[in-house]
Amino acid sequence: KANGTVQQVDVAVVGAGFAGLYLLHRLRKAGFSTVALEEAGDVGGTWYWNRYPGARCDIQTIDYSYTFDPELETAWTWSEKYATQPEILRYLGFVADRYDLRSDIRFKTKVTEAKWDEATERWQLSTDSGAPVSCRFYIMATGCLSAPKPPEIDGVKDFRGQVYFTGRWPHGGVDLAGKRVAVIGTGSSGIQSIPLIAEQAAHLTVFQRTPNFALPAHNGPAPDDRMSLLQGDRAAYRDQARQSMTGVPYPQQTAVSWQLSEAERRERFERAWAAGDLVHILTQLWADQGSELDGNRLVCDFIREKISAIVKDPETAAALMPHDHPFGAKRPCLDTNYYATYNRPNVTLVNLRQEPIKAITESGITTAKRNVDVDVIVFATGFDAMTGAIRAVHPITGRGGKSLSDVWAHGPESYLGLTVEGFPNFFMITGPGSPSVLSNMAVSIEQHVDWVVDRLAQLRDAGFTTVEATETAQAGWGRHMADCAMLTLHRLANTWYTGANVPGKVHALMPYTGGVGPYRSICDEVTSRGMLGFKLTGPNVAAQC
Ligand code: NA7
């Protein structure tokens, strides 16, 4: 429906990745008119942009899939335990086609400003292409790892060679054959790409600031045990995932580390190492691995032992061993030949803890100890996670002219990670304050989207026009988040979960650590108790709680 040159819709969505696509589908089915505004040229979100060599999911693909439509589940078969980026992108394209979603997506369109208009009770969105949008509800489906972090190293502009960011990899790929390549960063993107870059490059120099824990993916066909669980009772398998702590159906461990003998612990660890599954190793060893330092240290020791057995040069092996954070407090990685890559004669590891980068020059990278001349620099330096995409895309101005950036100046406060006080009819999918990045994103996305769309339909049918978190509810959620965080080891690491990777960013653990199943129960309780913690308004309806 066009009104002059403004596109009028019930709901505007930002982003057409996993979350945006499912939102469009659900909103339409619930009878809302919608548009999704997407900066990229096609659907896919994370999987559109992250095309670097080796990019894959690291939650098993049978779990990292939509579950809302049983027919969709059987219409698509994954070829591997961990699908590659091109395969996941094809899947999302398949979903977009199957539900005809592209017709409601405006590609190559960035929202440049969003303002709540008190008089009309609508959001007014300006865009950098095409008509502005006026909507009743405004939903951010912008992803958690979608705003790449600037390099923060002096001299990048002086470099005469080629510069690439893993999070913005060229679509046609990059030919690195015979090149001298530097990779800066050893998070998931570095750890996935380094083995493949090493195979192509004449020489690869890896600049590592913080070593990370990684375990072998053992990729291949989806494992028989998981497949038979899924195929045995698909509905029960999916339901168990929804009620679990992580969004992947594994049972809760009850035995604590000190109840197990050394031999039993080793046996459990070896099984986890052989399974090649992050959720398995993060949750199935012993109950105190993620909450007590003693239980955690045992896991760290086992992994460090593996690193020293794989990497031949003792100095390189020592540099690759994490000592500064508990296992799981920083996002661990899945790899294919990562540690073994350092045994190649054409690979050098530079330990930035011993020799920090001083500058990037015309010809390469200078550290405190050496000059490394290269043809290509790959920045695998990560993202301004969780809040970056929401804050950076545009100013969002809520009630009384308050901007979201100002409101979040001391940390990203929210109610349930879904809404922010002062921003009526504004929602976030996997926002800060939700389990999001500490869970299987596919499961969290479906839960968030279902909850939000069900609420919008319910409120519309009951005649309400605005919904907004109360200050009290938001403060309470902040306290609950802090209490939950004290029960985990996440607070003991400087990571992108806490904002520590971005200079100047407020230090606060952003994801909710209470678990996927408990979070779902809380959201359901909010509903069953009459939208507890929300203020609703509508024609002839006084403010309620
Ligand atoms: P990450 O996990 O944030 O990794 C970024 C890496 O880059 C990490 O090793 C950083 O070291 C390093 N880094 C960042 N800035 C610098 C500078 N200025 N100098 C040297 N090294 C730097 O991002 P990824 O893209 O690998 O993975 C993101 C998530 O995607 C991943 O966790 C999965 O969930 C999927 P640091 O650790 O900060 O010392």
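How many residues surround the ligand, and which are the closest? Keep that in mind, everyone, and remember that what we have here is a predicted model. The count is 20 residues, and the closest are Gly185, Gly187, Ser189, Thr210 and Gly382. If you sort the shell by character, you get six nonpolar, 11 polar and three charged residues. Helix H5, which covers residues 188-200, gives the most to this shell, with three residues.

Let's look at the sheet next. Five strands form an open sheet, in the order S8-S17-S9-S10-S13, and the pairing is parallel. At the edges sit strand S8 (162-165) and strand S13 (347-351), each pairing on one side only. On average, neighbouring strands in this sheet are turned by 20 degrees against each other, ignoring direction.

Now zoom in on one pair. Strand S9 (residues 180-184) and strand S17 (residues 376-379) run parallel and share four bridges. One residue to find is Val181, whose bridge partner in S17 is Val376. Our helix from before, H5, packs on the sheet and touches S9, strand S10 (203-208), S13 and S17. The direction of H5 makes about 170 degrees with that of S9.

Please stay with Val181 for a moment. Leaving aside neighbours within four places in sequence, Val181 is in contact with several residues, including Ile197, Leu204, Val374 and Val378. Val181 is also among the residues with the most contacts inside the largest nonpolar core, together with Ala12, Leu21, Leu23, Leu92, Ile139 and Val183. That core has 146 residues. Its largest share, eight residues, comes from helix H15 (residues 441-461).

Thanks for listening, and do have a look around the structure yourselves!

Key
Residues are numbered from 1 along each chain as its sequence is written. This is a predicted model: local features need pLDDT of at least 70, side-chain atom pairs count only at pLDDT 80 or more; totals for chains, interfaces and linings use all residues. A residue is near a molecule or strand if its C-beta atom, placed from the backbone, lies within 6 Å of it. Helices (H or I, at least four residues) and strands (E, at least two) are DSSP runs, numbered from the N terminus. Ala, Val, Leu, Ile, Met, Phe, Trp, Tyr, Cys and Pro count as nonpolar, Asp, Glu, Lys and Arg as charged, and the others, Gly among them, as polar. Two strands pair if DSSP finds at least two bridges between them. Axes are lines fitted to C-alpha atoms, for helices over the stretch in contact, and angles run from 0 to 180 degrees between N-to-C directions. Two residues are in contact if their C-beta atoms, placed from the backbone, lie within 7 Å. A nonpolar core is a set of buried Ala, Val, Leu, Ile, Met, Phe, Trp, Tyr and Cys residues joined through C-beta atoms within 7 Å. A residue is buried if 20 or more other C-beta atoms lie within 10 Å of its own, exposed if 12 or fewer, and partly exposed in between; C-beta atoms are placed from the backbone.
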